[in-house]
Structures are given as structure tokens and as C-alpha cells.
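Here are a few friendly notes to read alongside the model. Keep the viewer open and find each residue as you go.

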Amino acid sequence: MIDTSQQVGDLRARRRNATRIEIQQAALELFEENGFEATTVDEIAAAAGVSPRTFFRYFPTKEECVLFDLYGFDEALEACLRAVDPEHFALADIESAYRAVIAGFDDQRSEVAANFKRIQKLVLATPALSRAALGRYTDKSRQLPDLLGTGTSARSRVHIRMVIEIANLEVQCAFEEWAESDDTAEDEPGHELLAIYDDVCARMRTL
């Protein structure tokens, strides 16, 4: 017997995600054309064909409509945290989880990769977005240890936060290096995001 409630739920989730993407794409075009600061939520909503009220149902701020995690990094990090013994949580665990996400869309010619790079270029060029991205990473590193419950020692929670912050710094540096790379060289070995990420992780271990 087909579970119609599950199908309806999946359809609604897909529609919500499609609306988020439509809003994001409208925002990206306006930010690139007019600048982040000069663009209003009302303008983004109009370009996306939704009301300002609908915009705020999906995103609390202009920054979040660019920075929301469409690609699965947050989900991968949470799954990793739940799967690993807190007492033996290591940087390599998150690196492996992030690497799997990057490998899933690292075809430089794909629409997903092109959109992701477009976002990273905008973040890098926009101080308000750069600050918001940094704040988002910091908030995650503070909140995620709470997933482990109250039975985890204070030392383990601090250790986990430290590991998450280092892992997030690695991925931020990889995004920045990739966004600044020459688009004409993307097909050359070493210019793919995955290769850059692996190199950043290796360099981190030499510090």
C-alpha cells in the first residue's frame, strides 16, 4: 500500500526547496547587479514572484538567503557528530564528511558547481556576507555539541567545538581559494574544489 502522507510530505518539501532556490537565484542576480547593501527584501521578493512575508517565512535575513546550506554540509556534519564516539572525535572525521559532500558536486562544468562558486565569489566580495558566513560557522560550532546531550564531559564538548572550528576554517579557506582561482584553469589538475580542499587539509597539518 502506498503511503500517501509520505508522498505529500515529500512533495511539500520539494516545493519548499524549489521556492528557496528561486528566492536565492533572484537575490543573487540583484546582489550582483545592484550590490548587496542597495538591494531590499521587497525587491528580492518581487523578482522571485513572492511576497515579502513569504520571503521571511523562508529566510530571516538577506544574508541567509545566500548562505543557507543547499548542498548538505550542515547535514553531513550533524550525521558525523552523531555517528562518532565523542571521546574519540577527530578532525579527520569531519574532513571525511565534508570531502564526501564536495565530491558529490565537484564537476566544474555542472550547474550545481557553477552556482556554488557564484555564491562563494559573492560572499568573498561582500563584507556583510563574509561576516555573516563567519558568524554562521561560529554559531554551528557552539550549537552542535548540544546534540550529544548532557552526558558528555565539558572537556569533550570543548574538544568537539575546537575540532569543528578547525574543520570549518579548512573548508572556508578552500572555498576562498577556489572562488579566487582562474575560471579558465578549472579543467587543469589541482584547480577542482576537491583537490584544493585536500591540499588545504594537508597544509593545515603542517602548521
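1. Start with the order of the elements: from the N terminus on, the protein chain runs α-α-α-α-α-α-α-α-α-α. That makes 10 helices and 0 strands. Please keep in mind that this is a predicted model.

2. Next, the chain as a whole. Of its 207 residues, 41% count as buried. Take the contacts between residues at least 6 apart in sequence: 70% of them join residues at least 24 apart.

3. Now pick out two helices, α5 (residues 73-83) and α6 (residues 91-104). Their axes are 9 Å apart, and the helices pack at an angle of about 145°. The crossing of α5 past α6 is right-handed. Which residues meet here? From α5 come Phe-73, Ala-76, Leu-77 and Cys-80, and from α6 come Asp-93, Ile-94, Ala-97, Tyr-98, Val-101 and Ile-102. Sorted by kind, the residues of this contact are 9 nonpolar, no polar and 1 charged.

4. Aromatic rings deserve a look of their own. How many aromatic pairs does the structure hold? There are 10. One of them joins Tyr-71 and Phe-116 in an edge-to-face arrangement, with 4.6 Å from centre to centre and 70° between the planes. Tyr-71 sits in the loop between α4 (62-67) and α5, while Phe-116 belongs to helix α7 (residues 111-125), so this pair ties together parts that are 45 residues apart in sequence.

5. Are the two partners of that pair buried or exposed? Tyr-71 has a relative accessibility of 15%, so Tyr-71 counts as buried, the cut-off being under 20%. Phe-116, at 4%, counts as buried too. Both residues also belong to a cluster linked by ring pairs, together with Phe-73, Tyr-98, Phe-175 and Trp-178.

6. Stay with Tyr-71 a little longer. Leaving out residues up to four places away in sequence, Tyr-71 touches Val-101, Phe-105, Val-112, Asn-115, Phe-116 and Ile-119. For Phe-105 we can compare sequence with space: Tyr-71 and Phe-105 are 34 residues apart along the sequence, and 8.5 Å apart from C-alpha to C-alpha.

7. A ring can also have a charge over its face. Try finding Lys-62, which lies over the face of Phe-36, at 4.3 Å from the ring centre.

8. Leu-28 makes a good stop in helix α1 (residues 4-34). Its relative accessibility is 0%, so Leu-28 counts as buried. What is Leu-28 in contact with, leaving aside neighbours within four places in sequence? The partners are Val-66, Asn-115, Arg-118, Ile-119 and Leu-122. Asn-115 and Ile-119 are also touched by Tyr-71. As for Cys-65, this residue is 37 residues from Leu-28 in sequence and 9.0 Å away in space, C-alpha to C-alpha.

9. Finally, visit Gln-120 in helix α7. Why does Gln-120 count as buried? Its relative accessibility is 14%, and buried means under 20%, so Gln-120 qualifies. Beyond its neighbours within four places in sequence, Gln-120 is in contact with Phe-175 and Ala-179. You have met Phe-175 already, as a member of the ring cluster that includes Tyr-71 and Phe-116.

Key. Residues are numbered from 1 along each chain as its sequence is written. This is a predicted model: local features need pLDDT of at least 70, side-chain atom pairs count only at pLDDT 80 or more; totals for chains, interfaces and linings use all residues. Side-chain values use heavy atoms; hydrogens and water are left out. Axes are lines fitted to C-alpha atoms, for helices over the stretch in contact, and angles run from 0 to 180 degrees between N-to-C directions. Helices (H or I, at least four residues) and strands (E, at least two) are DSSP runs, numbered from the N terminus. A crossing is left-handed if the near helix is turned anticlockwise from the far one by less than a right angle, and right-handed if clockwise. Contact means heavy atoms within 4.5 Å. Ala, Val, Leu, Ile, Met, Phe, Trp, Tyr, Cys and Pro count as nonpolar, Asp, Glu, Lys and Arg as charged, and the others, Gly among them, as polar. Rings of Phe, Tyr and Trp (its six-membered ring) pair if their centres lie within 6.5 Å; planes under 30 degrees apart count as stacked, over 60 as edge-to-face and the rest as tilted. Buried means under 20% relative accessible area, exposed over 50%, partly exposed in between (1.4 Å probe, protein chains only). A charge sits over a ring if NZ of Lys or CZ of Arg is within 6 Å of the ring centre and within 35 degrees of the ring normal.
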